[in-house]
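Please open the model in a viewer and keep the sequence panel visible beside it. The tour below proceeds by selections, one stop after another.

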Amino acid sequence: MSLYALQHGIRNWLTTENPAVATQCGARAPAGLSVYLNTYRGQLLDCLAESYPITRQWLGDSAFTAAAAEHIDRRPPSSWTLDAYPEGFAATLDALWPDDAEVAELAQIEAALTAAFVGADADPVDPAGLAAVDWDRAVLHLVPTCTLLPVVTNAPAIWAALAAEETPPAAAPLPTPAHLAVWRTGFAPAFRTLAPTETKALRMAAAGATFAAICARLAADHGEAAAADMAGHMLAQWLADGLVMAIDG
Amino acid sequence: MLTTPTFGLGLRKPHYADFLDGETPVPVDFVEVISENFMVAGGRPLDVLRRVRARHPVALHGVSMSLGSADGVDADYLRRLRALVDAIEPLFVSDHLSWSRIGGFNAHDLLPLPYTAEALDVVCANIDRAQTALGRTMLIENPSSYLSLPGEMAEWEFLAAICARTGCDLLLDVNNIFVSASNHGFDARAYLAGIPAARVRQIHLAGHSQGADLLIDTHDRPVPTSVWSLYEAALNRLGPVATMIERDDDIPPLTDLLAELDMARSIAASRQVCAA
């Protein structure tokens, strides 16, 4: 048996418990193969449990472990880094709880926070330097960890309550679908629910639109008078959040 | 070759504050970290590593290079490890004589190799590629194993062959020798006698557990007497070698690990006295 065939045989043992490879694995193959299988599944279970503590709390240990075992069967790991393995868990949860959208959304929030935790470093812009900005030409550069996450339930409120060790609210749909901004400030990941207008503006900023273009869009949507106030408030909030790392112009 | 041994510990999260906040550095000659934990874009992990590096030499120890993969070493992995190597300027860069990845699947475990001529060609080609990508000599660690795959040479002969063909050095895990010797019924001292002593640059010490049928390399308890005894035999064969203790589960206070490290120092010192 070639090395390639042997390694595929061991892969098949780990992912499907197909024992065909045992005949190539020496006299004590069953005991040894069991050790590797236990390590494989145990490590992936631990990885998911450590990556999704809030989702686990929401579902309860038993349901979470069953879902994790299902995920391990459905989606064997492929990346060189174990850190990547939890990324697809929300899709498995969505398939297992299709009528409870908050379950997958809790997992998506945790995955986004984890990604932000080890995302690229960037210092937020110093507000003291803003006096010299030409706002007609200004382009905002958002910190590289900033991402937008769609939500249709109150999963953010559930997450916040459980993280604070408080009683979470019952799951409920949001009045209208929304987005979360997820980013890292200093070393701490953060998120905030955005109104649709702010989502649109932040998307424009992320795409490289000038601040003037963002203001023009606000004016077109909400009128000149409201747009100036809205743009000012949003900019102040983004600066306070640490979402902006530089302003050109 | 060292003229005096050095002693280190694995840097683990429960001890970050000990290593970063004390007025005086923790009394170790180096720390070892798991490379993959720091092959990230930024954030607190890299900040911790940079600050620890300002106080201590750092060894990078990998678990995911998969040097035994029949379909080669992952290029993205090597690029990211090279970036970390350039940033940290490590004392050593090591990984295992094992495989974890095949055909888009990654087991995230140190799976065993058959010690055959074909596997030797694969491992040597992968080490050559890795050393070229990293721009430095690697240390290859002997794994614990729970399967003895039919082969054409002993593990120590395989290690000697990869050193000769690739110029790599060795990280000798004394606990892994003990565990594999127990599981597969070979003589641990014959293993020590067979390795190319001049290529051993670092030693790992750790504890293990008794499983249902086999010894398991768990790193969840102190170094046992049996491993200390084999460590002493290893030093008699190798001379002074950088030594570190791995502890990855049921992690005790740092003072406990420093006491264990003193045991290693004591054994090394007594051997030096005998040698003199």
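A residue counts as exposed if 12 or fewer other C-beta atoms lie within 10 Å of its own, and as buried if 20 or more do. The model on display is a predicted one.

**First stop: a loop in chain A**

Select A:Glu17, which sits in the loop between helix H1 (3–16) and helix H2 (29–51) of chain A. Is this residue buried or exposed? A:Glu17 has 10 other C-beta atoms within 10 Å, and it is therefore exposed. Its backbone also deserves attention: A:Glu17 is not a glycine, yet its phi is positive, at about 60°.

Now move along the chain to A:Glu165, in the loop between helix H7 (155–163) and E3 of chain A. Here too the residue is not a glycine and phi is positive, at about 55°. A:Glu165 has 7 other C-beta atoms within 10 Å, so it is exposed.

**Second stop: chain A as a whole**

Select the whole of chain A. Its secondary structure consists of ten helices and five strands. How does the radius of gyration of chain A stand against the globule rule? The radius is 24 Å, whereas the rule gives 18 Å for 249 residues; chain A is therefore more spread out than a compact globule. Turn the view along the principal axes, where the C-alpha trace spans about 80 × 40 × 30 Å.

Colour the chain by domain next. Domain 1 covers 3–99 and domain 2 covers 121–248. Between the C-alpha centres of these two domains of chain A there are 37 Å.

Two further values describe the chain. Of its 249 residues, 37% count as buried. Among contacts in chain A with a separation of 6 or more, 60% are between residues 24 or more positions apart.

**Third stop: the open sheet of chain A**

Select strands E2, E3 and E4 of chain A. They form an open sheet in the order E2-E3-E4, and the pairing is antiparallel. Why is one side of E2 (147–153) and of E4 (188–194) left without a neighbour in the sheet? Both strands of chain A stand at the edges and have a single partner strand each, so one side of each has no neighbour there. Neighbouring strands of this sheet are turned by 30° against each other on average, direction ignored.

Strands of a sheet pair through backbone hydrogen bonds, either parallel or antiparallel. Begin with E2(A) and E3(A), where E3 comprises residues 173–185: the two run antiparallel and are joined by six bridges. To see one of these pairings, select A:Thr153 and its bridge partner in E3(A), A:Pro173.

Continue to E3(A) and E4(A), also antiparallel, which seven bridges join. In this pair, A:Ala181 has A:Arg192 in E4(A) as its bridge partner. The two strands form a hairpin with two residues between them, and A:Gly186 in the turn has a positive phi of about 65°.

**Fourth stop: the barrel of chain B**

Select the strands of chain B that run E1-E2-E3-E4-E7-E8-E9-E12. These eight strands make a closed barrel with parallel pairing. The average turn between neighbouring strands of this sheet is 25°, direction ignored.

For one pair in detail, select E2 (residues 30–34) and E3 (residues 58–61) of chain B, which pair in the parallel sense over four bridges. B:Val33 has B:Leu60 in E3(B) as its bridge partner.

**Fifth stop: a helix residue in chain B**

Select B:Asp86, found in helix H3 (residues 75–88) of chain B. B:Asp86 has 11 other C-beta atoms within 10 Å and is therefore exposed. Add B:Arg55 to the selection: the two residues are 31 apart in sequence, and their C-alpha atoms are 17 Å apart in space.

**Last stop: where the chains meet**

Show both chains together. The contact takes 34 residues from chain A and 38 residues from chain B. Which elements of chain B give two or more residues to the side that touches chain A? They are helix H2 (44–53), strand E5 (99–102), strand E6 (105–111) and helix H4 (117–134) of chain B. E6(B) gives the most to that side, with six residues. Coloured by residue class, the side of chain B that touches chain A divides into 20 nonpolar, nine polar and nine charged residues.

Definitions and conventions
Residues are numbered from 1 along each chain as its sequence is written. Chains are lettered from A and ligands numbered from 1 in the order in which they are written. This is a predicted model: local features need pLDDT of at least 70, side-chain atom pairs count only at pLDDT 80 or more; totals for chains, interfaces and linings use all residues. Two strands pair if DSSP finds at least two bridges between them. Axes are lines fitted to C-alpha atoms, for helices over the stretch in contact, and angles run from 0 to 180 degrees between N-to-C directions. Two residues are in contact if their C-beta atoms, placed from the backbone, lie within 7 Å. Ala, Val, Leu, Ile, Met, Phe, Trp, Tyr, Cys and Pro count as nonpolar, Asp, Glu, Lys and Arg as charged, and the others, Gly among them, as polar. Domain bounds come from an automatic or database domain assignment. The radius of gyration is taken over C-alpha atoms; the globule rule is 2.2 Å times the number of residues to the power 0.38.
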